[in-house]
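User: Please take a close look at the ligand site in this model. I would like to know what surrounds the ligand and what touches it.

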Amino acid sequence: MTASPAKARSGPVLCVVGARPNFMKMAPILRAFAEHDPPLPALLLHTGQHYDAAMSDKLFADLRLPRPDINLEVGSGSHAVQTAEVMKRFEPALDEHRPACVLVVGDVNSTLACTLVAVKKDIPVVHVEAGLRSYDRKMPEEINRVLTDQVADRLYTTERSAGDNLQREGVAAERIAFVGNVMIDSLRANLPQARPAADTLRAHGADPALLGGAAGYGVVTLHRPSNVDDPALLRRLLGVLAEVSARLPLVFAMHPRTRGNIQRFGLQGLLDPGRVAILPPQGYLEMLGLMAGAALVLTDSGGLQEETTALGVPCLTLRESTERPITVEQGTNTMVGSDEQAIRDGVAAILAGLGKRGRVPEFWDGAAAGRIAADLHRWLQAGAP
Ligand code: UD1
């Protein structure tokens, strides 16, 4: 092989978002690109995987994300249909805009779909939040993570264990940069504007007095297919939440998948509306306000595990595994799976004052996006080797 002098890659960074958890990651990245000296030109592309006002538009407004330059409007479908639709519609966008590279975040279907299209057109791919592994291949997100990281060219990690995972999978160390967590950039930037929990309840016709008891209140989110698609399991989980709510009032911000399944399986009666406020999916500032004031959070989300660690709020994660082990090792997270007794015990420990206090992990400091901008600028100047 003959070495030729590297040629800087020109053109915009094509930044891809598709679903709710992508939006809070992209907002600080776009801001850091604009503030970098020199600014990094960027285009924002929304695949339209999440399209509800509550799942998408409201979050764009809260996060002050610019209107997408390109919207592929793919909508819902099976994994195959959704992934294929994104791929079909993304290819002409690449041909038209000829970016210097494509930047993807997280682990949703849009992340993998856009990565596959770009690498096969010889356009470098940059993955933010690379290397996280639950080692549970039944999670669609795990498949998206593993495949995206295998073919992406530059990999930005949020915790050091992610770099170890990547190297075990044969990714060269030179492709990996530990930059910290852009989710926490968003959290820090927006916490002062967080909406008080009482206002959020009032806005949805729920009684804010629910929040006022001595123990405070808990926040619940559940949407993983593994928890909410099986009628017997969903019934058991709602049953244990009903028990918890007798001690601690709950605010349940309900994903459309979960709401649909509760109706389909006829489980509406399980939660006492006097103890559990069921709200639609919340905006970012509402969710921050709810979490920041909570005694505990019960969730199967990836992002909430990180946000509760940054906020110092105890979190019980209703999953068997986590791809974010630092939230357990250093943060406030405890894995309880779908085991009813583990959930009961976890709640009891927190209410007895024994919840994890945790500490904020390395580089979860609000400056991760700036580190990405600086590194990406250097990398593109060097020809994206
Ligand atoms: C997706 C991501 C998941 C992420 C989650 C956060 C994948 C594989 N999964 O899962 O990683 O944690 O988003 O929300 O990409 N729906 C609506 N309105 C919407 C979007 C979806 O009603 O705006 C409905 C769909 O019709 C479908 C269900 O919600 O029935 C699931 O949507 P989908 O995008 O397939 O996956 P999520 O479960 O949201």
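Analyst: Here is the ligand site, followed by a salt bridge in one of the helices that help to form it.

The model is predicted. Start with the location: the largest pocket holds the ligand. The shell around the ligand has 19 residues. Gln-49, His-50, Asp-52, Ser-76 and Glu-141 are the closest of them. By type, the shell has five nonpolar, eight polar and six charged residues. Three helices each give at least two residues to this shell: α1 (20-35), α3 (79-97) and α11 (256-264).

Now the polar contacts. Gln-49, one of the closest residues, places a polar side-chain atom 2.8 Å from a ligand oxygen atom. Tyr-51 uses its backbone instead: a polar atom there is 2.9 Å from an oxygen atom of the ligand. Arg-257 contributes a polar side-chain atom, 3.2 Å from a ligand oxygen atom. How much of the ligand does the protein bury? Taken alone, the ligand exposes 750 Å², and the protein buries 85% of that.

Return to α3, one of the helices that supply the shell. Within this helix, Glu-85 and Lys-88 are three residues apart, so about one helical turn separates them. Side chains of opposite charge can pair when their charged atoms come close. Glu-85 and Lys-88 do form a salt bridge, with their closest N and O atoms 3.6 Å apart. The structure holds 26 salt bridges.

Conventions. Residues are numbered from 1 along each chain as its sequence is written. This is a predicted model: local features need pLDDT of at least 70, side-chain atom pairs count only at pLDDT 80 or more; totals for chains, interfaces and linings use all residues. Side-chain values use heavy atoms; hydrogens and water are left out. A residue is near a molecule or strand if one of its heavy atoms lies within 4 Å of it. A polar contact is a pair of N or O atoms within 3.5 Å; within protein, one must be able to donate a hydrogen and the other to accept it, and residues adjacent in sequence count only if both atoms are side-chain atoms. Accessible areas come from the Shrake-Rupley method with a 1.4 Å probe; for residues, only the protein chains shown count as cover. On a 1 Å grid over the protein atoms alone, a cavity is a set of points where a 1.4 Å probe fits but cannot get out, and a pocket is an open set with protein on both sides within 12 Å along at least five of seven lines; lining residues have an atom within 4 Å of a point. A molecule sits in a cavity or pocket if more than half of its atoms lie within 2 Å of its grid points. Helices (H or I, at least four residues) and strands (E, at least two) are DSSP runs, numbered from the N terminus. Ala, Val, Leu, Ile, Met, Phe, Trp, Tyr, Cys and Pro count as nonpolar, Asp, Glu, Lys and Arg as charged, and the others, Gly among them, as polar. A salt bridge is a side-chain nitrogen of Lys or Arg within 4 Å of a carboxyl oxygen of Asp or Glu.
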